[in-house]
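Here's a chain to walk through by question and answer. Have the viewer open and follow along.

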Amino acid sequence: MEFEKMQEIIADVLNVSKDKITPDTTFVDDLGADSLDIFQIIMGIEEEFDIEIDNDEAEKIVTVQDAVERIRTATN
């Protein structure tokens, strides 16, 4: 469930196909996201899942799976 919502957020922010987004996809290397894109994705995650991700945690998010794990940690 978290992964599918993440796909939607990322696809919307980066204007890419959801098919290109897998758990191993990296935001910068695979999707070409810059710091503003990543900020917008983090904001989308926080809004969608009603969580808060601090800056230190956000900097550790490199792959889609990293983001999914962070969401799971925050919602449990």
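Q: Which residues does Asp-37 touch, not counting residues up to four places away in sequence?
A: Keep in mind that this is a predicted model. Asp-37 sits in helix H2, which runs over residues 35-49. Setting aside residues up to four places away in sequence, Asp-37 touches Val-13, Leu-14 and Gly-32.

Q: How far from Asp-37 is the nearest side chain of opposite charge?
A: Asp-37 is buried, yet has no salt bridge. A salt bridge needs a side-chain nitrogen of Lys or Arg within 4 Å of a carboxyl oxygen of Asp or Glu. For Asp-37 the nearest side chain of opposite charge is Lys-20, and the distance is 14 Å.

Q: What secondary structure pattern does the protein chain follow along the sequence?
A: The protein chain comes to four helices and zero strands. Read along the sequence, that gives the pattern α-α-α-α.

Q: What radius of gyration does the protein chain have?
A: The C-alpha trace spans about 30 × 25 × 20 Å along its principal axes. A compact globule with 76 residues would have a radius of gyration near 11 Å. The protein chain agrees with that, at 11 Å.

Q: What share of the contacts with a separation of 6 or more comes from residues 24 or more positions apart?
A: Of the 76 residues of the protein chain, 39% count as buried. As for contacts with a separation of 6 or more, the share from residues 24 or more positions apart is 51%.

Q: How far apart do the centres of the positive and negative side chains lie?
A: The accessible surface of the protein chain comes to about 4800 Å², with 43% of it belonging to carbon and sulfur atoms. On the charge side, there are 6 positive and 21 negative side chains. The centres of those two sets lie apart by 5 Å.

Q: Where does Asn-15 lie, and what is its phi?
A: Most residues other than glycine have a negative phi. Asn-15 goes the other way, with a positive phi although it is not a glycine. Asn-15 lies in the loop between helix H1 (2-14) and H2, and its phi is about 55°.

Q: Is Asp-50 buried or exposed?
A: Asp-50 is another residue other than glycine with a positive phi, near 55°. Its place is the loop between H2 and helix H3 (55-59). The relative accessible area of Asp-50 is 70%, and the cut-off is over 50%, so Asp-50 is exposed.

Q: Which residues is Glu-52 in contact with, leaving aside neighbours within four places in sequence?
A: Glu-52 also lies in the loop between H2 and H3, and at 68% relative accessibility Glu-52 counts as exposed. C-alpha to C-alpha, Glu-52 and Gly-32 are 24 Å apart in space, with their positions 20 residues apart in sequence. Leaving aside neighbours within four places, the contacts of Glu-52 are Glu-46 and Arg-70.

Q: Which residues is Gln-65 in contact with, once neighbours within four places in sequence are left aside?
A: Gln-65 is in helix H4 (residues 64-75) and is partly exposed, with a relative accessible area of 23%. Its C-alpha is separated by 16 Å from that of Ala-33, 32 residues apart along the chain. With neighbours within four places left aside, Gln-65 is in contact with Pro-23 and Arg-72.

Q: Which side chain meets Arg-72 in a salt bridge?
A: The structure holds four salt bridges. In one of them, Arg-72 has its partner at 3.3 Å, N to O. The pair links distant parts of the chain, helix H4 and helix H1, 70 residues apart. Arg-72 is partly exposed at 37% relative accessible area, while its partner counts as buried at 15%: that partner is Glu-2.

Q: How far apart are the closest N and O atoms of Glu-48 and Lys-5?
A: Glu-48 forms a salt bridge with Lys-5. This pair also links distant parts of the chain, with Glu-48 in helix H2 and Lys-5 in helix H1, 43 residues apart. Glu-48 is partly exposed at 42%, and Lys-5 is partly exposed at 27%. The closest N and O atoms are apart by 3.5 Å.

Q: Which residues are linked with Lys-60 in a network of salt bridges?
A: The side chains of Lys-60 and Glu-57 meet in a salt bridge at 3.6 Å, N to O. Lys-60 counts as exposed at 55% relative accessibility, whereas Glu-57 is partly exposed at 27%. The residues linked with Lys-60 in the network are Glu-57 and Arg-70.

Key:
Residues numbered from 1 in each chain as written. Predicted model: local features only at pLDDT ≥ 70, side-chain atom pairs only at ≥ 80, totals over all residues. Heavy atoms only, no water. Helix = DSSP H or I, 4+ residues; strand = E, 2+ residues; numbered from the N terminus. Rg over C-alpha atoms; globule rule 2.2 N^0.38 Å. Buried < 20%, exposed > 50% of the residue type's maximum accessible area, 1.4 Å probe, protein only. Contact = heavy atoms within 4.5 Å. Areas by Shrake-Rupley, 256 points an atom, 1.4 Å probe, with all protein chains shown as cover. Lys, Arg positive; Asp, Glu negative; His and termini not counted. Charge placed at Lys NZ, Arg CZ, Asp CG, Glu CD.
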